[in-house]
Each structure stands twice: as structure tokens, then as C-alpha cells.
Amino acid sequence: MKQTHPQRRVLVVIGSIICQFCVGMLYSWSVFQTPISQMFGWDTGAVSLTFSISTFMLPVAMIVAGLLLPRRGPRWVASLGGIILAIGLLIASQSHSLVMLYVGFGFLGGAGVGLVYGVPIATCAGWYPESTGLITGLAVAGFGLGSSVYAPIATNLISHIGPMNTFLVQACVSFVGILLGSLLLKAPPSTQAAPGGQTGSYTPGGMLRTWQYWILLIMYILANATGLMVVGYASPMGQQLAHITTAQASAVVSILAISNTLGRFLGGAMSDRFGPFRVVIFLYLVNAATMFSMKLMTNFVLYALAVAILACSFGGMVGAYPSIVLDYFGKTYYSVNYGLVFLAFGIGGLLGPQIVSQVLRLQNGDYTLAFWIAGGAGIAGALLALLCRKPVPGKRHTS
């Protein structure tokens with residue numbers, strides 16, 4: 001049996017990347033936002049709430065996936081997520097009201113993505129205990145890769161068949177792709193050693209009673225609010241700030257997705273070599289410097305470069321934080337614990353785009369204040385990371 005493990009775990013990684021690739025279409029949302037607003041005459045801020053809802057549902061569903069994973073296995077949980085995502089996109093494709101769009105793409109779409117998203121991270125970490133940062137970074141890189149491929153395709157489809165019919169195409173592709181990818185998933189052998197030789201693991205309740213959890217949650221909220229602000233507004237922000245065309249905006253979204261993909265892989269790999277906290281401190285400072293400079297990005301090249309840096313940094317955070325959670329709180333309850341930390345993605349998804357929406361309303365369409373808020377968030381994240389220390393396990397909190 002042991003001789004089949006190397007081949008088996010490679011297939012698990014391939015299946016994980018396929019599943020992540022399909023749910024990564026979530027990041028192409030910004031190319032839908034303006035066409036939907038124009039099609040129905042809806043307020044841009046009201047439409048952007050769809051993306052915020054989906055990002056909030058993602059980590060909530062991850063926690064559910066973490067509870068189901070030990071009982072049902074990765075194949076079953078990922079397949080369930082694919083079905084829910086497809087149903088959500090089908091509802092979104094028939095939307096004639098904001099409520100239907102919120103329910104379809106927002107609640108059900110986000111829930112489906114969340115059920116799928118957490119499975120490869122937890123499964124791959126169990127199969128590769130010797131290089132968790134690298135392998136989880138590779139697994140989540142598939143998420144960004146899906147958006148980089150789908151964004152230009154979606155833009156072209158929207159121009160020919162409209163945004164609602166494009167949701168229908170997305171539903172079919174996601175459903176088939178996730179089901180195929182899930183066939184390659186398999187739970188890791190229970191005999192695998194815990195990563196880093198750690199034998200004590202924090203229960204979810206025990207983790208919630210540590211101050212380190214709350215610091216990590218706040219840090220990750222700051223990172224996600226900034227990153228998802230850029231993801232949600234990459235296209236309209238560039239059209240106003242750098243006067244880019246619709247075609248250039250689509251290219252920026254693709255650049256964002258490619259950079260995010262690269263950052264996820266590099267963030268995980270660099271965490272193994274330099275330690276995840278050194279990686280995230282550096283990335284917070286990069287975020288801050290770039291955000292403080294955004295008003296200077298007044299042409300396509302400069303704007304695309306800034307988006308690439310921010311997306312790569314955001315991806316690096318997503319690649320590094322799984323290693324932090326695994327190192328701080330152990331392997332046994334990892335899938336649920338990471339879901340609880342990943343609540344920051346949902347909270348950040350609500351805060352980031354909505355902060356931009358309110359800034360635009362109060363500042364007559366000017367993004368400057370939003371850039372300064374995001375830059376300040378980067379500085380705060382770096383300072384909190386410097387203060388955080390690994391918790392010392394106690395009997396009340398561990399198993």
C-alpha cells in the first residue's frame with residue numbers, strides 16, 4: 001500500500017487544482033459588475049453587494065466542509081459544493097431582481113465555492129506533511145488560475161450573449177469540472193505523521209479561547225479587505241483612474257488573476273523557507289506602499305503593474321496563512337480551524353468593496369480616501385504580525 005502513496009498523492013493534487021480552477025471563476029466577478037448594472041439600471045454599489053455576500057458565504061461554508069470532511073470524505077464534500085455552485089449560477093442566470101442575484105451568485109454561489117475550496121487545502125496538507133506551505137500554496141493557486149483563464153472568456157461571452165447567459169455557461173463548466181476533479185480526491189492515510197512533528201492540536205473551541213486566534217483574524221481581515229477591494233473594483237477603478245478601455249480592463253483582470261495565482265504559490269513556498277510570519281509582514285508593507293502610491297498610476301502600464309503587485313501580495317497572504325494555522329493550532333482539527341480563521345475572507349469581502357462604495361458616494365467618485373484606508377490597513381497588519389506569538393498548548397484547549 002505504501003508504494004502507491006506517491007502516485008496517489010500526485011493525483012490528489014491534480015484533482016485539487018482542477019476543483020480550485022473551477023471555483024476560481026468567482027474572481028472574475030468584476031467583469032460582470034458594470035454590464036449587469038447597465039443592463040438593469042441598478043446602482044453599482046447595490047450590485048457589488050453580490051460579491052460581498054459570496055465572499056462572506058465562502059468561509060462559512062468552509063467551516064461546514066471541515067465538519068463534513070472527516071465523515072463523508074473529500075470527494076463527497078467537493079461534489080456537493082459543485083452541485084450547490086451550479087444551482088446558484090443557474091438562479092443567477094435567471095435573475096430579474098437584485099434579490100435573485102444575491103441568492104444565486106451571492107449566497108448559493110459563495111456557499112458552493114466554500115464547500116469546494118477548503119477540501120483541497122486540508123486534503124493536500126495531510127498527504128504532504130513534509131512541505132505543507134508549498135503544497136497548500138500550489139492547491140490554492142488553482143483558484144487564481146481559474147480566474148485568469150475565465151476572465152477574458154467571460155468578457156467575450158458577455159459581449160456576445162450577455163452576462164446572464166454567461167452565468168449559465170459558467171454553471172455548466174463548473175459542475176462538470178468539479179465533479180471530474182473530485183473523482184481524484186482521496187482522504188490521506190491516517191498513519192501520516194503530523195506536520196512539524198506536532199502531536200497536540202487545538203480544538204476549534206480551544207483555538208477560539210486563545211488571543212492569537214483573534215489577532216490572526218484581525219490581521220487576515222485587513223489583508224482580505226484590501227485584496228478583495230482590488231478584486232471587486234479592478235475594472236471600474238482602472239477605467240476611472242487610468243482611463244483604460246474595456247478591453248484593457250479585461251486584460252487587467254487577467255493580470256490580477258495570474259499575479260494572484262503566482263502569489264499563492266510563492267507565498268506557500270516562501271513560508272516553508274523563511275517562515276510564514278516573515279512572509280506576511282513583508283507583504284503587508286508591500287500592500288501599504290502600493291496603496292499609498294495608487295493615485296500615481298494614471299496609465300494602463302502603471303495601473304496594471306500596481307494591480308499585479310497587489311494581487312500577488314494578496315495571493316501570497318492566502319498561500320501563507322494555511323501554514324500559520326497549521327503551525328499554531330495543529331493538524332487534527334485543521335479543516336475547521338482554518339475555516340474559522342478564513343472567516344476573515346468573508347468579513348473582508350463585506351468591508352473592502354463596501355468601504356469603496358461608501359467612499360465613492362461621499363467623495364463624488366474619488367477613490368483617494370479608499371487608497372489611504374487600505375494603505376493604513378497594511379501598516380496595521382504588519383504591526384500586529386510583529387506582536388503575534390505561537391500559543392502554548394494546554395490540556396483544556398488541545399486533544
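Q: Leaving aside neighbours within four places in sequence, which residues is Thr226 in contact with?
A: This is a predicted model, in which local features need pLDDT of at least 70, side-chain atom pairs count only at pLDDT 80 or more, and totals for chains, interfaces and linings use all residues. Residues are numbered from 1 along each chain as its sequence is written, and side-chain values use heavy atoms, without hydrogens and water. Thr226 has its place in helix 8, helices being DSSP runs of H or I with at least four residues, numbered from the N terminus. With contact taken as heavy atoms within 4.5 Å, the partners of Thr226 outside that sequence window are Met291, Ala374 and Ala377.

Q: Why does Thr226 count as buried or exposed?
A: Buried means under 20% relative accessible area, exposed over 50%, and partly exposed in between, with a 1.4 Å probe and protein chains only. Thr226 therefore counts as buried, its relative accessible area being 4%.

Q: What separates the C-alpha atoms of Thr226 and Val23 in space?
A: Along the chain, Thr226 and Val23 are 203 residues apart. In space, the separation between the C-alpha atoms of Thr226 and Val23 is 21 Å.

Q: How many residues does helix 10 have?
A: Helix 10 runs over residues 276–292 and reaches 24 Å from its first C-alpha to its last. Its buried residues include Pro276, Phe277, Val280, Leu283, Asn287 and Met291. The residue count of helix 10 is 17.

Q: Which helices are among those that cover the buried residues of helix 10?
A: Val280, one of the buried residues of helix 10, touches Met219, Met317, Ala320, Tyr321, Ile324 and Ala385, when residues up to four places away in sequence are not counted. For the buried residues of helix 10 taken together, the covering elements include helix 8 (211–241), helix 9 (246–274), helix 11 (300–329) and helix 14 (368–387).

Q: Which residues does Tyr284 touch, not counting those up to four places away in sequence?
A: Tyr284 lies in helix 10 and counts as buried because its relative accessibility is 1%. The C-alpha atoms of Tyr284 and Ser28, which are 256 residues apart along the chain, are separated by 24 Å. The residues that Tyr284 does touch outside the sequence window are Met219, Tyr220, Ala223, Met317, Tyr321, Gly378, Gly381 and Ala382.

Q: With which residues is Leu49 in contact, leaving aside neighbours within four places in sequence?
A: Leu49 lies in helix 3, and a relative accessible area of 27% is why Leu49 is classed as partly exposed. Leu49 and Met270 are 221 residues apart in sequence and 34 Å apart in space, C-alpha to C-alpha. Outside the sequence window, the contacts of Leu49 are Tyr102 and Gln354.

Q: Where is His243 found?
A: The phi of His243 is near 55 degrees, a positive value in a residue other than glycine. At 63% relative accessibility, His243 counts as exposed. The position of His243 is the loop between helix 8 and helix 9.

Q: What is the relative accessibility of Asn364, which counts as exposed?
A: Asn364 sits in the loop between helix 13 (343–362) and helix 14. Although Asn364 is not a glycine, its phi is positive, at about 55 degrees. Asn364 counts as exposed because its relative accessibility is 75%.

Notes
Helix = DSSP H or I, 4+ residues; strand = E, 2+ residues; numbered from the N terminus. Expected span 1.5 Å × (residues − 1).
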